[in-house]
Amino acid sequence: MATLSACPSPPWPDPNPSTSPNSNPNPNFLPDSSQTLDFESLMPPQNQSPPPHLSPAASPPGSSPATPPSVLRLAFNQDQACFSAATDNGFRIYNCNPFSEQFRREFDGGGIGHVEMLFRCNIIALVGGGPHPQYPPNKVMIWDDHEGCCIGDLSPRAVVRGVRLRRDRIIVAVEKKILVYNFQDLSLLHQIETFPNPKGLCAVSQLSDSLVLACPGLQRGQIRVEHFAQKKTKFISAHDSRIASIALTLEGQLIATASTKGTLIRIFDTVQGTLLQEVRRGANAAEIYSLAFSSTAQWLAVSSDKGTVHVFSLKVNSSIGEQEKPQSSSNSDAAITPSNSSRSFTKFKGVLPKYFNSEWSVAQFRLQEGSHYTVAFGNEKNTVIILGMDGSFYRCQFDPLHGGEMTQLEHHNFLNPQPETAL
């Protein structure tokens, strides 16, 4: 098995910050020692003779080539405080607030199609991509950025469509299967059959005492939820059309789904499979690019090819963040109340079409139509982070009471950083 040769470590949190003379090389990127993993604790002994692979070069944050690379995929980490950009010549890691590039790895003509972070730790999953993949697209390379090399790989024998990480599991999505591996020894634990899944849709909970995995089921429009601790499988008939996007809350209690039609987003309880709420993005069909819950599951953000990011108010409860819940929150099995935008139509129910009774978004932010944007909630209250495949980074704030158009707080081009443009 080929692995990368070791190379000097870039500015990334050291696994042993208490013993390192430069324990925090970048003060804006604070390491979380509880997330930092060590090669010896994760992997069995490996052959120490490195094979003849091209070693990547570590570039200083902020440096840019004459021609910016093409972005192949963008992804937030699990707490949405950082994001990664997979490019046709390597990958880059950024901090969201304050915005800053942390480091990049550039390969000699080799592209990376997937970069999956594990919170802020040194372990990253890489998959080759682009016109000239750095690695075979049917391999998941486990990269240790403290060591500056790959420490193992997974070979699912099919093109990798998606990767998700937990501290104890690696989840790999291929066209018609979800593969679940043990992080400690890379052994295959579970294989789950799915409906054809070219987008690699898969979501996984992040709490250590609960492993919940959601993916497409065996039929069109169906969601399969695996509760591994309870050894329970739940199938949810979410839509008539194919599933286009899914998102789980951190503890896996709620799931949001959208279909290829892209007009309605539905929120289900993952244990019972009960539909808890339905919100409307719009009347015309759209391609949903991403769904994201806020940390307290009070808000849901949606991006699509229509160029508008929507934020919806959720009327359902999640078990996380109870201390942050507003006092008006109801319990999880209470009836769903109409949103402000549809309350004026309540007396006409049964007379007007369902469209007029729909729950609409509380806040919106308008971007270029047709462009691909990925969305998440920021660490500051009522803020949203928007990433564009063109290199755009937006940090916006919404008014939870009055809604309407969001306020742009910050904008950058992360492929070619310019002087500060915060508003």
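Phe-99 is buried in this predicted model, with a relative accessible area of 14%. Its ring pairs up with that of Tyr-94 in a stacked arrangement, 6.0 Å centre to centre and with 15 degrees between the planes. Tyr-94 is buried as well, at 0% relative accessibility. The two rings also belong to a wider group, since ring pairs link Phe-76, Phe-83, Tyr-94, Phe-99, Phe-393 and Phe-414 into a cluster. Across the whole structure, the search turns up 13 aromatic pairs.

Another of these pairs, Phe-107 with Tyr-135, is edge-to-face: the centres are 6.2 Å apart and the planes sit at 75 degrees. Phe-107 comes from the loop between E5 and strand E6 (112-117), while Tyr-135 comes from the loop between strand E7 (123-128) and strand E8 (140-144), so the pair ties together parts that are 28 residues apart in sequence. Both partners are tucked away, Phe-107 being buried at 6% relative accessibility and Tyr-135 being buried at 2%.

Strand E5 itself covers residues 99-106 and takes in Ser-100. Ser-100 is buried, with 12% relative accessible area, and its side chain makes a polar contact of 2.5 Å with the side chain of Gln-102. Measuring along the chain, Ser-100 is 18 residues from Cys-82, and their C-alpha atoms are 9.6 Å apart in space. Charged residues from this part of the sequence come together too: Arg-92, Glu-101, Arg-104 and Glu-106 are linked in a network of salt bridges.

Salt bridges turn up elsewhere as well, with 14 found in the whole structure. In general, side chains of opposite charge can pair when their charged atoms come close. Asp-153 and Lys-139 make one such bridge, with their closest N and O atoms 3.6 Å apart. Asp-153 sits in strand E9 (residues 149-154) and Lys-139 in the loop between E7 and E8, so this bridge ties together parts 14 residues apart in sequence. Asp-153 is buried at 11% relative accessibility, whereas Lys-139 is partly exposed at 25%.

A second bridge, between Glu-287 and Lys-199, has an N to O distance of 3.8 Å. Here the loop between strand E21 (275-280) and strand E22 (288-293) supplies Glu-287, and the loop between E13 and strand E14 (203-204) supplies Lys-199, so the pair ties together parts that are 88 residues apart in sequence. Glu-287 is partly exposed at 36%, and Lys-199 is partly exposed at 37%.

For Glu-380 and Arg-395, the closest N and O atoms of the salt bridge are 3.0 Å apart. Glu-380 lies in the loop between strand E26 (373-377) and strand E27 (383-388), and Arg-395 lies in strand E28 (residues 392-397), so parts 15 residues apart in sequence are tied together. Glu-380 is partly exposed, with 40% relative accessible area, while Arg-395 is buried at 12%.

Turning to the sheets, 4 strands form an open, antiparallel sheet in the order E10-E11-E12-E13. Strand E10 (162-165) and strand E13 (188-193) each have a single partner strand, so one side of each is left without a neighbour in the sheet. Neighbouring strands of this sheet are turned against each other by 15 degrees on average, direction ignored. Within the sheet, 6 bridges join E11 (residues 169-174) to E12 (residues 177-182), and Ala-173 stands opposite Ile-178 in E12.

Strand E19 (residues 254-259) is another well-covered piece, with 6 of its 6 residues buried. Leu-254, Ala-256 and Ala-258 are buried on one side, and Ile-255, Thr-257 and Ser-259 on the other. E19 pairs antiparallel with strand E18 (residues 243-248) over 5 bridges, and with strand E20 (residues 264-269), also antiparallel, over 5 bridges. On the E18 side, Ile-243 has Ser-259 as its bridge partner; on the E20 side, Leu-254 stands opposite Asp-269. The E18 and E19 hairpin has 5 residues between the strands, with Gly-252 at a positive phi near 80 degrees. The hairpin of E19 and E20 has 4 residues between the strands, and Gly-262 in the turn has a positive phi of about 75 degrees. Ser-259 is buried at 6% relative accessible area, and its contacts beyond four places in sequence are His-239, Ser-241, Arg-242, Ile-243, Ala-244 and Ile-288.

Technical notes: Residues numbered from 1 in each chain as written. Predicted model: local features only at pLDDT ≥ 70, side-chain atom pairs only at ≥ 80, totals over all residues. Heavy atoms only, no water. Helix = DSSP H or I, 4+ residues; strand = E, 2+ residues; numbered from the N terminus. Buried < 20%, exposed > 50% of the residue type's maximum accessible area, 1.4 Å probe, protein only. Polar contact = N/O pair within 3.5 Å; in protein donor to acceptor, adjacent residues only side chain to side chain. Pairing = 2+ DSSP bridges. Axes fitted to C-alpha atoms, helices over the stretch in contact; angles between N-to-C directions. Phe/Tyr/Trp six-rings, centres within 6.5 Å; stacked < 30°, edge-to-face > 60°. Contact = heavy atoms within 4.5 Å. Salt bridge = Lys/Arg side-chain N within 4 Å of Asp/Glu carboxyl O.
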